[in-house]
Amino acid sequence: YHPIRRFLARMTDYAVMRMILEFLIVVILRIRPYGGLLSGLITYGTPFLMIPITAFMLNRWGTTPGKWLYGLSVLSENGCKLSYAEAKEREWRVVKEGYGFGIPVWSILRLYKSYKAYQEWNMGWDMFCEYQFEKLSSRRKKILAASIALIAAVNLMR
């Protein structure tokens with residue numbers, strides 16, 4: 001059982017997507033999104049944008065960059081990759097039931113309830129799939145530490 005690894009993997013995926021979005025907006029569109037409506041749209045829109053992207057990655061590879069970094073993968077009960085529809089349904093339920101749409105306070109409540117459900121292995125979005133955990137190699141731990149430092153540095157530069 002690795003609820004912290006699962007949470008950090010998801011937050012890593014969100015952070016990477018947010019950095020990509022901000023890069024596209026600032027460098028390509030030459031808009032500074034900090035502190036305004038666009039910043040809020042990026043913050044609260046990222047989980048919704050991630051639903052089809054994450055579903056595609058789970059369907060194609062059984063993992064996402066964040067999950068790979070933390071040694072996690074998601075497969076169907078029979079050990080195959082999830083179908084796109086299954087993965088999309090799972091991701092929608094995670095954003096809704098697990099992450100609380102990222103809404104302040106509500107999100108904290110949903111994360112707490114998800115943690116409690118995890119302890120009882122009673123999370124609705126994982127009922128038809130299987131999580132696989134692998135031991136983290138020292139090389140992967142170094143990559144993980146570097147990625148956390150990079151994400152923290154990017155967030156501090158705002």
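This is a short talk on the helices, strands, cores and a few single residues of one structure.

Before anything else: the model is predicted.

Let me start with the strands. Strand 1 covers residues 72-76. Strand 1 is mostly covered, with five of its five residues buried. Look at the side chains. L72, V74 and S76 point one way from the strand. S73 and L75 point the other way. Both sets are buried. The partner is strand 2, residues 129-133. Strand 1 and strand 2 pair in the antiparallel sense, over five bridges. For a landmark, take L72, which stands opposite F133 in strand 2.

Now the cores. The largest nonpolar core has 13 residues. Which residues have the most contacts inside this core? They are Y70, L72, V74, L82, A87 and L144. You have met two of those names already: L72 and V74 also sit in strand 1, pointing one way together with S76. Helix 2, strand 1 and strand 2 each supply at least two residues of this core. Let me take L144 from that list. Beyond its neighbours within four places in sequence, L144 is in contact with L69, Y70 and L136. There is also a second, separate core, of nine residues. Among them are M17, I25, I42 and V95.

Next, T63. Where is T63? In the loop between helix 2, residues 37-61, and helix 3, residues 65-69. Is T63 buried or exposed? Its relative accessible area is 16%. The cut-off for buried is under 20%, so T63 counts as buried. Its side chain makes two polar contacts with backbone atoms. One goes to the backbone nitrogen of W68, at 3.1 Å. The other goes to the backbone oxygen of L72, at 2.9 Å. So a loop residue reaches strand 1 here, because L72 belongs to both stories. Setting aside neighbours within four places in sequence, T63 is in contact with M57, L58, W68, L72 and S73.

On to helix 5, residues 106-119. Helix 5 has 14 residues. From first C-alpha to last, helix 5 reaches 20 Å, close to the 20 Å expected at 1.5 Å a residue. Its buried residues are S107, R110, S114, A117 and Y118. How are they arranged around the axis of the helix? Seen down that axis, they fall within an arc of 100°, so they line one face. The background is familiar. An α-helix has 3.6 residues a turn, so residues three or four places apart point the same way. What does the buried side pack against? Helix 1, helix 4 and strand 2. The face turned away carries the exposed residues I108 and Y112.

Stay on helix 5 for S114. S114 is buried, with a relative accessible area of 10%. Not counting residues up to four places away in sequence, S114 touches E97, G98, M123 and W125. There is a long-range pair as well. S114 and P3 are 111 residues apart in sequence, yet 9.3 Å apart in space, C-alpha to C-alpha.

A second pair of that kind involves I148, in helix 6, residues 138-156. I148 and L8 are 140 residues apart along the chain, with C-alpha atoms separated by 9.7 Å. At 43% relative accessibility, I148 counts as partly exposed.

Helix 1 gets a quick length check. It has 26 residues, which should span 38 Å at 1.5 Å a residue. The end C-alpha atoms are 37 Å apart, which agrees.

Last topic: backbone angles. Most residues other than glycine have a negative phi. Here are some positive ones. Just after helix 1, R30 takes a positive phi of about 55°. Just after helix 5, W121 takes one of about 50°. Then go to the loop between helix 4 and helix 5, where F101 is found. Phi of F101 is near 60°. F101 counts as partly exposed, at 24% relative accessibility. V105 has its place in the loop between helix 4 and helix 5 too. Its phi is positive, about 70°, although V105 is not a glycine. V105 is exposed, with a relative accessible area of 65%.

That is the tour. Questions, please.

Technical notes. Residues numbered from 1 in each chain as written. Predicted model: local features only at pLDDT ≥ 70, side-chain atom pairs only at ≥ 80, totals over all residues. Heavy atoms only, no water. Helix = DSSP H or I, 4+ residues; strand = E, 2+ residues; numbered from the N terminus. Buried < 20%, exposed > 50% of the residue type's maximum accessible area, 1.4 Å probe, protein only. Polar contact = N/O pair within 3.5 Å; in protein donor to acceptor, adjacent residues only side chain to side chain. Contact = heavy atoms within 4.5 Å. Expected span 1.5 Å × (residues − 1). Arc of directions from axis to C-beta. Core = buried A, V, L, I, M, F, W, Y, C linked by side-chain atoms within 4.5 Å. Pairing = 2+ DSSP bridges.
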